[in-house]
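Open the model in your viewer and keep the selection tool at hand. Each stop below says what to select and what is there.

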Amino acid sequence: MKKGTKIFLSIILVTVILVGTFLIWDNFGFYYSTKAKYYESATSEHLLPAVGTLPEYKSVKYKYYEDWFLAFSSKAYSMIVKYDEETFKNQKKVIYEPYENINEYEFSNEEKNIVKRNLEPINVDGFSFEMYSEWYPKCIYFIGTNDKTNEIAYIFFEDTDLDEINMPYSMFINSYCGW
């Protein structure tokens with residue numbers, strides 16, 4: 001084989017490998033961010049509290065997690081708020097109210113969907129989560145409290161292609177919500 005042909009084939013091979021790597025990454029991957037803008041963008045469409053509506057807090061942390069496979073994607077928006085002990089106790093009394101008012105609602109095609117709620121607390125990293133969903137398992141709210149650290153966690157998960165959850169919710173929060 002001539003030297004020029006070898007160089008040409010080597011350049012083609014390297015190009016194919018680079019393009020293939022980028023295509024694989026684009027179709028099979030995940031993204032996460034700790035920027036507040038992702039969580040704040042979800043507060044207007046979903047039952048998530050905006051940080052401006054909360055009582056005085058010590059700190060707040062955000063996490064946005066997106067996982068995708070070809071055309072399918074899931075997104076999770078999280079916020080963890082740390083309070084002093086008194087404010088934390090007061091917030092624990094009211095944090096579930098917006099979600100408990102979710103009852104039964106109707107879709108445009110007149111199909112009814114009943115709210116799904118966990119019966120046992122979901123324990124993850126010291127947090128005890130309650131789960132609420134209008135459209136289970138496609139859209140789920142997880143609201144958690146940590147009595148030792150005086151923190152409250154809000155997670156909204158969304159995946160319109162998900163049909164069932166076949167793992168414990170604690171694993172689901174870690175895996176699918178990027179906890």
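**First stop: Ser-128**

Select Ser-128, which lies in strand S8. This is a predicted model. Ser-128 is partly exposed, with a relative accessible area of 24%. Now show its surroundings. Beyond neighbours within four places in sequence, Ser-128 is in contact with Tyr-96, Pro-121, Ile-122, Asn-123, Ile-143, Gly-144 and Thr-145. Add Phe-142 and draw a C-alpha to C-alpha distance from Ser-128: the two are 9.6 Å apart in space and 14 residues apart in sequence.

**Aromatic pairs**

Stay with the rings. A pair of aromatic rings is described by the distance of the centres and the angle of the planes. The count here comes to 17 aromatic pairs. Select Tyr-96 and Tyr-132: their ring centres are 6.3 Å apart and their planes stand at 40 degrees, so the pair is tilted. Where do the two residues lie? Tyr-96 is in the loop between helix H3 (85-94) and helix H4 (97-100), while Tyr-132 is in strand S8 (residues 127-135), so the pair ties together parts that are 36 residues apart in sequence.

Are these two buried or exposed? Tyr-96 counts as buried at 17% relative accessibility. Tyr-132 is buried as well, with a relative accessible area of 1%.

Next, select Phe-127 and Trp-179. Their ring centres are 5.3 Å apart with planes at 80 degrees, so this pair is edge-to-face. The pair links distant parts of the chain: Phe-127 sits in strand S8, Trp-179 in the segment after helix H5 (169-176), and 52 residues separate them. Colour both by accessibility. Phe-127 is buried, because its relative accessible area of 4% is under the 20% cut-off. Trp-179 is partly exposed, at 24%.

Now widen the selection to Tyr-31, Tyr-38, Tyr-64, Tyr-77, Tyr-96, Tyr-99, Tyr-132, Tyr-141 and Phe-156. Together they form one aromatic cluster. Tyr-96 and Tyr-132, the tilted pair from before, are both members.

**The largest pocket**

Keep Trp-179 selected and turn on the surface. Trp-179 is one of the residues that line the largest pocket. The pocket has a volume of about 170 Å³. To see the rest of the lining, add Thr-34, Lys-61, Tyr-62, Lys-63, Ser-78, Met-79, Ile-80, Cys-177 and Gly-178. Which strands each supply at least two residues of this lining? They are strand S2 (59-69) and strand S3 (72-82).

**Confidence**

Colour the chain by pLDDT. The average is 85, and 84% of the residues score at least 70. Two elements mark the ends of the scale. Strand S10 (residues 151-158) has the highest mean pLDDT among the elements of the chain, at 96. Strand S4 (residues 105-106) has the lowest, at 44. Select residues 104-109: pLDDT is below 50 over this stretch, which has twelve contacts in the model beyond near neighbours in sequence.

**The whole chain**

Zoom out and switch to cartoon. You should count five helices and ten strands. Buried residues make up 36% of the 179 residues in the chain. Of the contacts with a separation of 6 or more, 59% are between residues 24 or more positions apart. Finish with the full surface. The accessible surface comes to about 11,300 Å², and carbon and sulfur atoms account for 55% of that area.

Notes:
Residues numbered from 1 in each chain as written. Predicted model: local features only at pLDDT ≥ 70, side-chain atom pairs only at ≥ 80, totals over all residues. Heavy atoms only, no water. Phe/Tyr/Trp six-rings, centres within 6.5 Å; stacked < 30°, edge-to-face > 60°. Helix = DSSP H or I, 4+ residues; strand = E, 2+ residues; numbered from the N terminus. Buried < 20%, exposed > 50% of the residue type's maximum accessible area, 1.4 Å probe, protein only. Contact = heavy atoms within 4.5 Å. Areas by Shrake-Rupley, 256 points an atom, 1.4 Å probe, with all protein chains shown as cover. pLDDT = per-residue confidence, 0-100. 1 Å grid on protein atoms, 1.4 Å probe; cavity = no way out; pocket = protein on both sides within 12 Å on 5 of 7 lines; lining within 4 Å. Points joined across faces, edges and corners; volume = space filled by probe spheres on them.
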